[in-house]
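Reader: I would like a close look at one part of this model, with its surroundings set out residue by residue and the cut-offs stated as you go. Please begin with whatever definition is needed to say whether a residue is hidden from solvent.

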Amino acid sequence: FHRHDFSTLQEMLYFVGKEYSDKPAFILKDNSGYPYTVSYFNFVKDVEAIGISLINQGFANTKIAVIGHNSYKWAITYLAASIVGVVVPIDKELHSDDVINFLNIADVSVILGDDKNLSAIHDSAYKINHKITYINFDLKTNNDCYLGFDSFRNAGLYNLENDQNPFVNVKVDPDEMHFLLFTSGTTSKSKAVMLSQHNIASNVYAMLLVENFLTTDVNLAFLPFHHIFGSTEMIVM
């Protein structure tokens, strides 16, 4: 693995997309349980597609929450959101009241996540003190409550196919806040932590200096992606 000291995840994303284009980025399972791979080329396209749709829906430079179990959809959403705005990763095991408290504190504009988590939040939506949009990982199309993730991504892919890509032109300040996460509150109330793109990129670089990652390695993610170390490992992969 090339050890480059990137300033942003945007730089890193486009580097790996070009350098490892046809190599597998993720090994996933289809609905029947059979494994299949997603190349770095298609991985970058999916991140771009989500980023484009977030921009087109008016969510650039806003707080974008992600909640749910570790998944490919979580990963591409997290990266896209951290580039076009401020990503707010939230623990899926929290009570909906705690999640809503974080949504209010962070002034989140849109939340993407699993149906189970979004349903619990939506049921108590009257406690949210501002308008919020829900994008459901488990839905293909839109309904009265949620935007479907698949149609949301497909809209971005359609833009890509027609050479309309505002995502590639996003200017990311490596030292501005692009990650807003909340501590577990083990010893006191949960606290908000602000991190920049360079904070994460430099951690990735440091990990590559101490661990000899090979392009043929297969890595299993078991830490929750909402943990900053878990998501940093996901980026290294």
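Author: A residue is called buried when its relative accessible area is under 20%, exposed when over 50%, and partly exposed in between (1.4 Å probe, protein chains only). This is a predicted model, in which local features need pLDDT of at least 70 and side-chain atom pairs count only at pLDDT 80 or more, while totals for chains, interfaces and linings use all residues. Residues are numbered from 1 along each chain as its sequence is written, and side-chain values use heavy atoms, leaving out hydrogens and water.

I take helix α6 and the loop that follows as the part to examine. D150 belongs to helix α6 (helices are DSSP runs of H or I with at least four residues, strands runs of E with at least two, numbered from the N terminus). With a relative accessible area of 14%, D150 is buried. Setting aside residues up to four places away in sequence, D150 touches K73, L139 and K140 (contact means heavy atoms within 4.5 Å).

Helix α6 covers residues 149-161, and the loop between that helix and strand β8 (177-182) is where N165 is placed. The relative accessibility of N165 is 18%, so N165 counts as buried. Two backbone nitrogens are reached by the side chain of N165: that of F167 at 3.1 Å, and that of V168 at 3.3 Å. Both are polar contacts, that is, pairs of N or O atoms within 3.5 Å in which, within protein, one must be able to donate a hydrogen and the other to accept it, residues adjacent in sequence counting only if both atoms are side-chain atoms. When residues up to four places away in sequence are not counted, N165 touches Y14, E48, I52 and L160.

D163 is found in the loop between α6 and β8 as well, but D163 is exposed, with a relative accessible area of 73%. The phi angle of D163 is near 55°, a positive value in a residue other than glycine. Most residues other than glycine have a negative phi. N61 also has a positive phi, near 60°, and is likewise not glycine; N61 sits in the loop between α2 (40-56) and β3 (63-67), where N61 is exposed at a relative accessible area of 72%.

Strand β8, at the far end of the loop, spans residues 177-182 and so leads to F179. Among the 53 residues of the largest nonpolar core (a set of buried Ala, Val, Leu, Ile, Met, Phe, Trp, Tyr and Cys residues joined through side-chain atoms within 4.5 Å), F179 is one of those touching the most other members, together with F26, F43, V47 and L54. Helix α3 (residues 72-84) gives the most to this core, with 10 residues. Not counting residues up to four places away in sequence, F179 touches a list of residues including L9, Y78, V86, V193, M194 and I200. A second, separate core has 20 residues, V86, I90, V99 and F182 among them.

One further loop, between β6 (133-136) and β7 (147-148), holds D138. Leaving aside neighbours within four places in sequence, D138 is in contact with D114 and D115, and a polar atom of the D138 side chain lies 2.8 Å from the backbone nitrogen of D115. The C-alpha atoms of D138 and K116 are separated by 9.2 Å, although these residues are 22 residues apart along the chain.
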